[in-house]
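Here are a few exercises to work through with the model open beside you. Try each task before reading its solution.

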Amino acid sequence: LRNDFYDVNDFIAEWDGYRSAVLAAVPGADFAGPDVASKTAWIESFAGREYTTVKLLDGHYYETGPATRNDITYQSILRYSSKLSDLIHSFKAAPGTTQLPFRVTECNNVYGGGKQGVSDVFASSLWALDTMWILADAGCQGINFHNGFGLHYSPIFSENGKFTARPEYYAMLAFRYA
């Protein structure tokens, strides 16, 4: 909800203000950032300037979206895309950040709640498992799959008071035992 001219420098200026306010109230508090969604290039800029003030870099990753697009199919999430490698590069590229850990704090295959027939089918478990392995291989500290009641990509689905495991749950289970 920012103006069209809002950029990474504006973001960092706000960040510095919030960080200062928190430190005034809680000296020694630890920070992670920038936790941006679609502007992965901002991670590199943020990290290059703030790497001494954060303990962890973080950001979001969605393979495609929005869910309302008609051209998104389960093949869309299984095709090669540079989005994940671009995100990983952003975490690792800034000077001084080679030892700084990173985490994907919000992730799933189709932003906007997932898409029926894409996010709730077997292909999504393959996508999730592949994503977890790629991130683990890159040294990622963890991944948080976005979920919620009624969302097609939720690993655990609630319907009529009954919880059921969905495809991404099985991907996480396979990853845990691998």
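A residue counts as buried when its relative accessible area is under 20%. Keep in mind that this is a predicted model.

**Exercise 1. Decide whether cysteine 107 is buried or exposed, then do the same for cysteine 140.**

Start with cysteine 107: its relative accessibility is 0%, so it counts as buried. Now take cysteine 140, which has 13% relative accessibility and therefore counts as buried too.

**Exercise 2. Work out how many disulfides the structure holds, and why cysteine 107 is not bonded to cysteine 140.**

First, recall the cut-off: the two sulfur atoms of a disulfide lie within 2.5 Å. Next, look for the cysteine sulfur closest to that of cysteine 107; it belongs to cysteine 140 and is 9.2 Å away, too far for a bond. Seen from cysteine 140, the closest cysteine sulfur is in cysteine 107, again at 9.2 Å. The count of disulfides is 0.

**Exercise 3. Describe how strand 1 pairs with strand 2, and which unit they make with helix 2.**

Begin with the pairing: strand 1 (residues 32-36) runs parallel to strand 2 (residues 56-64), with 4 bridges between them. For a landmark, find alanine 32, which faces leucine 56 of strand 2. Then add helix 2 (residues 41-50): together with strand 1 and strand 2, it makes a β-α-β unit that is right-handed.

**Exercise 4. Classify how helix 1 and helix 2 are oriented to each other, and give the handedness of their crossing.**

Step one is the geometry: the axes of helix 1 (residues 8-25) and helix 2 come within 10 Å, crossing at roughly 45°. Step two is the class: helix 1 and helix 2 are therefore oblique to each other. Finally, the crossing of helix 1 past helix 2 is right-handed.

How values were computed. Residues numbered from 1 in each chain as written. Predicted model: local features only at pLDDT ≥ 70, side-chain atom pairs only at ≥ 80, totals over all residues. Heavy atoms only, no water. Pairing = 2+ DSSP bridges. Helix = DSSP H or I, 4+ residues; strand = E, 2+ residues; numbered from the N terminus. Right-handed = clockwise from strand over helix to strand, strands pointing away. Buried < 20%, exposed > 50% of the residue type's maximum accessible area, 1.4 Å probe, protein only. Axes fitted to C-alpha atoms, helices over the stretch in contact; angles between N-to-C directions. Parallel < 35°, antiparallel > 145°, perpendicular 65-115°, else oblique. Left-handed = near helix turned anticlockwise from the far one by under 90°.
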